Amino acid sequence: MNYNWNWGIFFEQSPEGTGSYADMLLSGLVWTIVTALCAWVIAFAVGSVIGVLRTLPSRAAQAIGNAYVELFRNIPLLVQMFLWYFVLPEMLPESWGTWLKQLPNAPFYTAVVCLGFFTASRVAEQVRAGIQALPRGQRMAGTALGLTTAQTYRYVLLPNAYRIILPPLTSEFLNNLKNTSVALTIGLLELTARARAMQEFSFQVFEAFTAATIIYIVINLLVVAVAGLIERRVAVPGR
Amino acid sequence: MFSNFDFSVILNSWRYLFFDGMAFTLTLTALAAVGGVVLGTLIAMMRLSSVPVLPQIAKVYVNFMRSLPLVLVIFWFYFLVPYIGQWIIGAERPIQVGAFSSSLITFTLFEAAYFSEIMRAGIQSIPKGQGAAASALGLTYWQSMGSVILPQAFRNMLPVLLTQTIVLFQDTSLVYVLSITDFLGAASKIAQRDGRLVEMYLFAAVVYFAVCFIASLLVRRLQRRVAIIR
Amino acid sequence: MTSSAMPPVSPVPEPQAAAAAAPATGPVGTLLTERPPVAATSGPMIAIDGVSKWYGDFQVLTNCTTSVTKGEVVVVCGPSGSGKSTLIKCVNALEPFQKGQITVDGTQIANKKTNLPKLRSRVGMVFQHFELFPHLSITDNLSLAQRKVLGRSKDEAQAKGLALLERVGLKAHAHKFPGQLSGGQQQRVAIARALAMNPIVMLFDEPTSALDPEMVGEVLDVMVELAREGMTMMVVTHEMGFARKVANRVIFMDKGEIVEDAQKEEFFGSPRSERAQTFLSRILQH
C-alpha cells in the first residue's frame, strides 16, 4: 500500500487555528456526548409516556401511542433531521421561523430534538414490551389495593419494567450515541464530522478514521460497563 | 400554511426521483440484504462453531461493526476500498471504485453483523435434537446445516430478517454523505436546484413512510402466517 | 415382596387394544425389506469398554463396559439421571467421552480417522422427541439422508420410504408434515426413517417416554416386530413389558455405572443388586 502513514499528525496544528488535530477530535467527542445525553433525556421521558400509552386499556391512548411509533420508525433518521432543520422553520409563523433560523448552535438544538423524538419511539417499544412482560396479576394486585392507574404504573409496573428492559435500553442508548453522527449533515461538529474534516485538511484519511473508531469503541465499552453497574445496583434481591 | 408551496416541482421531477433515485435505493437494499444475510449466516455459524478461535473472530467482527456509527463506516470504506482493491489485484495505484460498489460493499459488511445476530438466534432456536438426528442419520455438518438447521432457522427468523431489511432500506439514505443519487440524494439535488427544500423533503418523507409502513404491515401479516409447523 | 415374582402388568397392550388404538398398524409384512448387511467382523456389534465421561467436574459415566452381539436385543434401564441416555448417545458419538473405547462393527468411534457420518449412517437411532424435521414432508424426512448420505436417486429413496411407511401403517400420511401427525405416528415415522438407511444396528433412546399413554402400544408393536425379525437393538426404556417380551439381556444403570448386566430371565427373576431390586419393585408397582 503506497499510503504515507503519519501518526504524528494528531499533534500538528489544525488549519482552524484552535489547536492540534487531537484537540479537534476531542471537541468533536464532547459534542457527540453532550448531544447524545440531551437527546436521551427527551427520548427517555417521551418514550416512557408513549410506551405507557400503548399499554393502557383506552383504545384512544393506544392509537396515539401506536401512531407515534409508526410515524417515527418509518421515516429514515436523516430525512427526519432535514425535516426539523430545513422544513420546520418554514412551516411555523414567520417570526418564529426567523427566530429558529437565527439561533446560535441551531444544528445542536435540532439534533437534540430530532434524535430525542426519534429515539423515543424505540424507547417506547421497549417500555411497552417491558410492561407487557410483567405478570398480569401485578396490575390487578395494584388495582385491588386501591391504587389508581397512575399510581399502579408509578409504583408497581414501571419500576419492574425498567429493570427488565435495562439491557435493551443500553443498546438503544448506544444507538442514540452512534446516531449523533447523522447530524453532521446539518452541520453539527461531532466526532465523525471532525474526523472527516481532519481527513480533508490533512489527507491523513486512515489516521483520522482510526482515531474516531477507537474513540467510539472505548465509549461503547464504557457505556456497557456503566450499564452493568447500574444493573447490579438496581437488581432486586432474590431474583 | 401550504399556500405558498409549489408542488409542481414534484410533478416535474418524479421520473428522476424514482427511476434514478429510488431505483438506486432499491437495488442497493436488495443486493446488500442478500449479501448481508449470506455473510451474516456464515458469521453466525462461525460464532456457534466448536472450532477454536472461529467464535472469537466472529464475535470481535460483530461487536466491532456494532460499535461504530454507520456514517463513519461509510466514510471508512469509501476511502479504504480503493486501497484494498489495489492490494488484492496488485495495482500501481489505488483503484477506482464506483459509488455503487463502494456502498454495496459497505452495507453488505455492515449489515452482516446485524443479520448474523438474527441468524444466530434462529439457529439457537432449533432444538438440539434436530442436529443430533441429522448427525445420527449420517449427514455431515454442512449437509445438516444446509438441509435441516438453516432452512428452519431462516423460516423462523424470516419476519425479523425482513424487518431488518426495512431498517437497511432506511439506512441506505445515509449514502447522501457521499453525494450519491439515491432517492434522498435525488430529492436533495432537485431541492437545492429549484430552491424547494420544504416540498422535496416533505415528499421524500411521505414516500419513505409509505414504503416502510406498508412493508412492515406485510411483515406483520407474514409473521402470523409462518408460525412454524411443529 | 421379594425378588419381584409378581407378574407385572404388561405395558405392551394386548393385540386387540393396539389394533383399536391404531387400526392402520395391524400385523405387517416384514419391516426389514432386506436382511441387515452382514457385519464386517465376527466380534460383537457394539463393544463398550471402560467408558467414562465428565461434564466439567461432574462424572456422568463411570467405567461402563458391556457389549451387544449381532441379533441381540439389549434393554438399558435405570432411574432418570443414571446416564443411560448419555451412554447410548456415546455409541454413535453424538456425545463425546473422555475415557475408554467404543467400537461399532469393529470401528473405533473415538478414532479421529473414523468417518463418523459414514458410520452413523449404518447405525439407526430413534430419539425420545422423535426429531422429525418439521419443515420437510414425511416423504422428504424419509428421503433426505438416503439421498444425501447414501446417494440414492430420488425415486429409489421415495420408493424405499413408502415401502417402510406402509410397514409401519402410515402410507396414507406420506404427503403430510410431522406437525400434522400424532406423537405415536411421528415416532413410527422416525423408526422408518432410521430403517431406510439399512442400519446394521438400531439404537432407541427412550422412544416412548414422550408419548401419551394410549400411543405407547403402537410404537412398541413396531419395535417388537423389528426385534423378532432379528434386528440388533440397544433400547433405553422403562417399558419392562417390552423387555420381558423381546429382550435377550437387560442392563441396569444407576449414577453413571452399569450395576447389573444380566440375561432377561435372571434380571427379572433374581436381580443381584439391591438398587436394581428397589428400582424394579418401584417401576412394576404401577
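The following paragraphs lead the reader through a predicted model, beginning with its chains and ending with a nonpolar patch on chain B.

It is useful to begin with how the chains meet one another. Two pairs of chains are in contact, and of these the pair formed by chains A and B shares the most contacts. Chains A and C, by contrast, are joined by no contact. The closest C-alpha atoms of chain A and chain C are 26 Å apart, whereas a contact requires heavy atoms within 4.5 Å.

Chain A may be considered next. Its secondary structure consists of ten helices, with zero strands. Read from the N terminus, the order of elements is therefore α-α-α-α-α-α-α-α-α-α. The C-alpha trace of chain A extends over about 70 × 55 × 30 Å along its principal axes. Chain A contains 239 residues, and 49% of them are buried; a residue is placed in this class when its relative accessible area is under 20%. The accessible surface of chain A amounts to about 11800 Å², and carbon and sulfur atoms account for 65% of that area. The contacts within chain A also show how distant parts of the sequence are brought together. Among the contacts between residues at least 6 apart in sequence, 74% link residues that are at least 24 apart.

Attention now turns to chain B. An unreviewed UniProt entry annotates residues 22–46, 67–89, 95–115, 160–180 and 200–219 of chain B as "transmembrane region". Two of these spans can be examined in the model. Residues 95–115 of chain B are 81% helix and 0% strand, and the C-alpha atoms at the ends of this span are 29 Å apart. In residues 160–180 of chain B, helix makes up 57% and strand 0%, with the end C-alpha atoms 29 Å apart.

Chain B also carries a nonpolar surface patch of about 530 Å². Which residues make this nonpolar surface patch? They are Val34(B), Val38(B), Leu42(B), Tyr141(B) and Trp142(B). Two helices of chain B, α1 (8–47) and α6 (141–171), each provide at least two residues of the patch. The largest share, three residues, is supplied by α1(B).

Tyr141(B) serves as an example of a patch member. This residue is located in helix α6 of chain B. Is Tyr141(B) buried or partly exposed? Tyr141(B) is partly exposed, because its relative accessible area is 41%, and the partly exposed class lies between 20% and 50%. A residue of a patch must have over 30% relative accessible area, and the value of 41% for Tyr141(B) meets that requirement.

Methods: Residues numbered from 1 in each chain as written. Chains lettered and ligands numbered in written order. Predicted model: local features only at pLDDT ≥ 70, side-chain atom pairs only at ≥ 80, totals over all residues. Heavy atoms only, no water. UniProt positions renumbered as here; feature names shortened; annotations may be inferred. Helix = DSSP H or I, 4+ residues; strand = E, 2+ residues; numbered from the N terminus. Patch = residues over 30% accessible without salt bridge, like charges linked within 9 Å, V, L, I, M, F, W, Y side chains within 5 Å. Areas by Shrake-Rupley, 256 points an atom, 1.4 Å probe, with all protein chains shown as cover. Salt bridge = Lys/Arg side-chain N within 4 Å of Asp/Glu carboxyl O. Buried < 20%, exposed > 50% of the residue type's maximum accessible area, 1.4 Å probe, protein only.
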